[in-house]
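User: Hi! I've just opened this one and would love a quick tour before I set anything up. Could you walk me through it?

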Amino acid sequence: MKVIRNIKELRAEIGQHRSMASGPVGLVPTMGFLHEGHESLIKRAREMTGTVVLSIFVNPIQFGPGEDFETYPRDEGRDLSVAEANGVDIVFIPGVQEMYPQPTKTKVTVSELTSLLCGASRPGHFDGVTTVVNKLFNIVNPDYAFFGMKDAQQVAVIEQMVQDLNMDVTIVPCPIVRETDGLALSSRNVYLSAEERKQALVLSKSLKEATRQLAQEEVATAGEVRNLLVKIISDAPLARIDYAEVLTFPQLQPIEPDTRLADTGKDCILALAVYFGRTRLIDNTLFQMKEGIPHV
Ligand code: AMP
């Protein structure tokens, strides 16, 4: 496994892999502090591509003022062991200076899809994400890029960017990986106190219960689902809801409260962001209709 911190060197290394015709190139962009969610993306990339590039970069321009850029957990040594154990070919770990030698005057903005959910609570966040992902695509020129559905809005936004700008890369969304008790894995879970960690289970619990009730037709409309999510999350005294929304996916169109999800004719997402103290956790699940049967 090669560890590369420099863009020029990375391009040369990938060029060599291409000239050896070692198959498609896969990119797994991350901010490091790797866990099994990241590992699942790497494994998928390993299955689908000949050269797996893992990028580790805590991207300052996707953090707002007062967010956790400085304190974001980092452990390069451990990340490299995890990468190696999962068969990564090239780890790209640029410093901020390498990625932004001067303040960027160019940003990539996807409109509409970024104005709601996490985009509403984190202004400028998605511009930072699409800009850095665009830079990584230009540097690596991957055939496939792997993203987790944990950040479902990010998947929708990046897919839109790729289509709008005719980028020659296939986005591969990968399922959410959870702890055995249901909590979605996140590098930020380390911020949680023992009590917060316990109560954080309300996110996955509420999504699971909403899914169950949708399947049993105990709830059917967007309003009913939303109320159910809010009710279950509110059982946790430490939880402060940022949003609990039901939207179409990947269009992220609102659904009228009285409209049955099954009548939208589209896949729907149940999306949550909940604060525990200063830690903001997100989670989601998809509600898909196939031949009149909900698939979740
Ligand atoms: P991050 O390092 O948090 O920016 O995440 C890098 C990539 O890993 C993103 O595409 C995330 O969606 C994905 N990811 C993070 N957590 C999970 C998880 N629990 N399951 C699946 N993918 C995840």
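Analyst: Happy to! One definition to start: helices (H or I, at least four residues) and strands (E, at least two) are DSSP runs, numbered from the N terminus. Threonine 130, for instance, lies in helix α6, which covers residues 125-140. This is a predicted model, so local features need pLDDT of at least 70 and side-chain atom pairs count only at pLDDT 80 or more, while totals for chains, interfaces and linings use all residues. Residues are numbered from 1 along each chain as its sequence is written, and side-chain values use heavy atoms, with hydrogens and water left out.

User: Thanks. Is threonine 130 buried or exposed?

Analyst: Threonine 130 counts as buried, because its relative accessibility is 1%. Buried means under 20% relative accessible area, exposed means over 50%, and partly exposed is in between (1.4 Å probe, protein chains only).

User: And what does the side chain of threonine 130 reach?

Analyst: The backbone oxygen of aspartate 127, at 3.4 Å. That is a polar contact: a pair of N or O atoms within 3.5 Å, where within protein one must be able to donate a hydrogen and the other to accept it, and residues adjacent in sequence count only if both atoms are side-chain atoms.

User: Zooming out, how many helices and strands does the protein chain have?

Analyst: There are 10 helices and 10 strands in the protein chain. The C-alpha atoms fill a box of roughly 55 × 45 × 40 Å along the principal axes. The chain's radius of gyration is 20 Å, which agrees with the value near 19 Å for a compact globule of 296 residues. That radius is taken over C-alpha atoms, and the globule rule is 2.2 Å times the number of residues to the power 0.38. Buried residues make up 52% of the 296.

User: On to the ligand. Which residues come nearest?

Analyst: Met31, His38, Asp151, Val177 and Leu185 come nearest, out of 17 residues around the ligand. A residue is near a molecule or strand if one of its heavy atoms lies within 4 Å of it.

User: What polar atoms face the ligand there?

Analyst: In the side chain of histidine 38, an N or O atom is 2.9 Å from an oxygen atom of the ligand. Aspartate 151 has a polar side-chain atom 2.6 Å from a ligand oxygen. Leucine 185 uses its backbone instead: an N or O atom there lies 2.9 Å from a nitrogen atom of the ligand.

User: How much of the ligand's accessible area does the protein cover?

Analyst: The protein covers 92% of the 480 Å² that the ligand has on its own. Accessible areas come from the Shrake-Rupley method with a 1.4 Å probe; for residues, only the protein chains shown count as cover.

User: Which elements give two or more residues to the shell?

Analyst: Those are β2 (25-30), α2 (36-48) and β5 (144-148). α2 gives the most, with three residues.

User: Any disulfides to set up?

Analyst: A search of the whole structure finds zero, a disulfide being a pair of cysteine sulfur atoms within 2.5 Å. The sulfur of cysteine 118 is 18 Å from the closest cysteine sulfur, in cysteine 268, so it is too far for a bond. For cysteine 174 the closest cysteine sulfur is in cysteine 118, at 19 Å, again too far for a bond. Cysteine 118 is buried at 8% relative accessibility, and cysteine 174 is buried at 2%.

User: What about odd backbone geometry?

Analyst: Most residues other than glycine have a negative phi, and most peptide bonds are trans. Here the bond from phenylalanine 249 to proline 250 is cis, with omega near 5°. Proline 250 sits in the loop between β7 (239-248) and β8 (268-276).

User: And where are the residues with positive phi?

Analyst: One of them is asparagine 141, with phi near 50°, in the loop between α6 and β5. Asparagine 141 is partly exposed at 46% relative accessibility. Asparagine 166 has a positive phi of about 50° too; its place is in the loop between α7 (152-164) and β6 (170-174). With a relative accessible area of 67%, asparagine 166 is exposed.

User: Last one: is lysine 150 buried or exposed?

Analyst: Lysine 150 counts as buried, at 16% relative accessibility, in the loop between β5 and α7. The C-alpha atoms of lysine 150 and valine 177 are separated by 7.9 Å, with their positions 27 residues apart along the chain.
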